[in-house]
Amino acid sequence: VVATDIGISKRARNAAERLKAPLAIVEKRRLFNNEHAESLNIIGEVEGKTAILFDDVINTGGTLVTAVEVLKDHGASQVFFCCTHPILSGRSVQLIGESSLEEAVFADTVPVPPEKCHPKITVLSVAPLFAEAIRRIHLGHARRGAQEDEQVIPEGVDLGVQPMDQHGADGQRMAGRGRIHEVGFERRLVPGAARTRRLPAALAV
């Protein structure tokens, strides 16, 4: 895993740890606040290896192309690129197409219109990730790791759960902050220092 600069090195290191891969960093000096950037060195060993460039955003593509060139000069066999936010302004798509890059993989946090599509560009949807985050937040599950069937409840938080009655066409009544409702429960305050509490899986929005 190769960080495109020192600033992104911490996140690249985390990705490298997950992949159980070594980390390298492109050391560069930015000349102007646009696509002109000069790579100076590679910190780490890339010769004969497949390099995965890692960055949070791509704008004009100048930094990426320069990084690809310096990795190839240092003996990398293949270079891939992954990035979260594809701004893709100016000639960025053309630069990607003309570079030695094997593939660029982006999330769709910024829409990629048809005119910016290219055979070297793969776009992945973040919709499932956001949907899972919303589900976990709503149910109070931990957003990382997780016992799926346990509710994480901060001390002293009123869940606002009330018993179902005749209110509402569907026989259910919204109650309390977070719009949590359920059948046959009484309103309660979670006591003491208990951090987790098991709740029924039937909670609905």
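These are my notebook entries on a predicted model of one protein.

**Ground rules.** I number residues from 1 along each chain as its sequence is written, and my side-chain values use heavy atoms, with hydrogens and water left out. As the model is predicted, I accept local features at pLDDT of at least 70 and side-chain atom pairs at pLDDT 80 or more, while totals for chains, interfaces and linings use all residues.

**Entry 1: the overall layout.** I looked up the secondary structure and found four helices and nine strands. Here helices (H or I, at least four residues) and strands (E, at least two) are DSSP runs, numbered from the N terminus. Along the sequence I read the pattern β-α-β-β-β-α-β-α-β-β-α-β-β. Of the 205 residues, 33% count as buried; buried means under 20% relative accessible area, exposed over 50%, and partly exposed in between, with a 1.4 Å probe and protein chains only. I noted an exposed area of about 12,400 Å², with carbon and sulfur atoms supplying 54% of it. That area comes from the Shrake-Rupley method with a 1.4 Å probe, and for residues only the protein chains shown count as cover.

**Entry 2: helix 1.** Which residues of helix 1 are buried? I found Ser9, Ala12, Ala15 and Ala16 within its span of residues 9–19. Seen down the helix axis, these buried residues fall within an arc of 120 degrees, so they line one face; the arc is taken from the directions from the axis to the C-beta atoms. On the other side, Lys10, Arg11, Glu17 and Arg18 are exposed. Just after the helix comes Lys20, with a positive phi near 55 degrees.

**Entry 3: the cores.** I then went through the largest nonpolar core, which has 25 residues. Such a core is a set of buried Ala, Val, Leu, Ile, Met, Phe, Trp, Tyr and Cys residues joined through side-chain atoms within 4.5 Å. Leu53, Leu71, Phe81 and Phe106 touch the most other members. Helix 2 gives the most to this core, with five residues. Leaving out residues up to four places away in sequence, Leu53 touches several residues, including Val26, Leu64, Leu71 and Phe81; contact means heavy atoms within 4.5 Å. A second, separate core of eight residues includes Ile8, Ala12, Ala16 and Ile25.

**Entry 4: Ile121.** Is Ile121 buried or exposed? Ile121 is buried, at 12% relative accessible area, and sits in strand 7 (residues 121–124). Phe106 is 15 residues away in sequence, yet its C-alpha lies 7.5 Å from that of Ile121. Beyond neighbours within four places, I list Val93, Ile96, Ala104, Phe106 and Lys116 as contacts of Ile121.

**Entry 5: helix 4.** How many salt bridges does the whole structure hold? My search gave two, a salt bridge being a side-chain nitrogen of Lys or Arg within 4 Å of a carboxyl oxygen of Asp or Glu. Arg135 pairs with Glu132, their closest N and O atoms 2.9 Å apart. Arg136 also meets Glu132, at 2.8 Å from N to O. Shared partners thus join Glu132, Arg135 and Arg136 into one network. Arg135 and Glu132 are three residues apart in helix 4, so about one helical turn separates them. Arg136 counts as buried at 8% relative accessibility, whereas Arg135 is partly exposed at 31%. Leu129, also placed in helix 4 (residues 127–139), is exposed at 59%.
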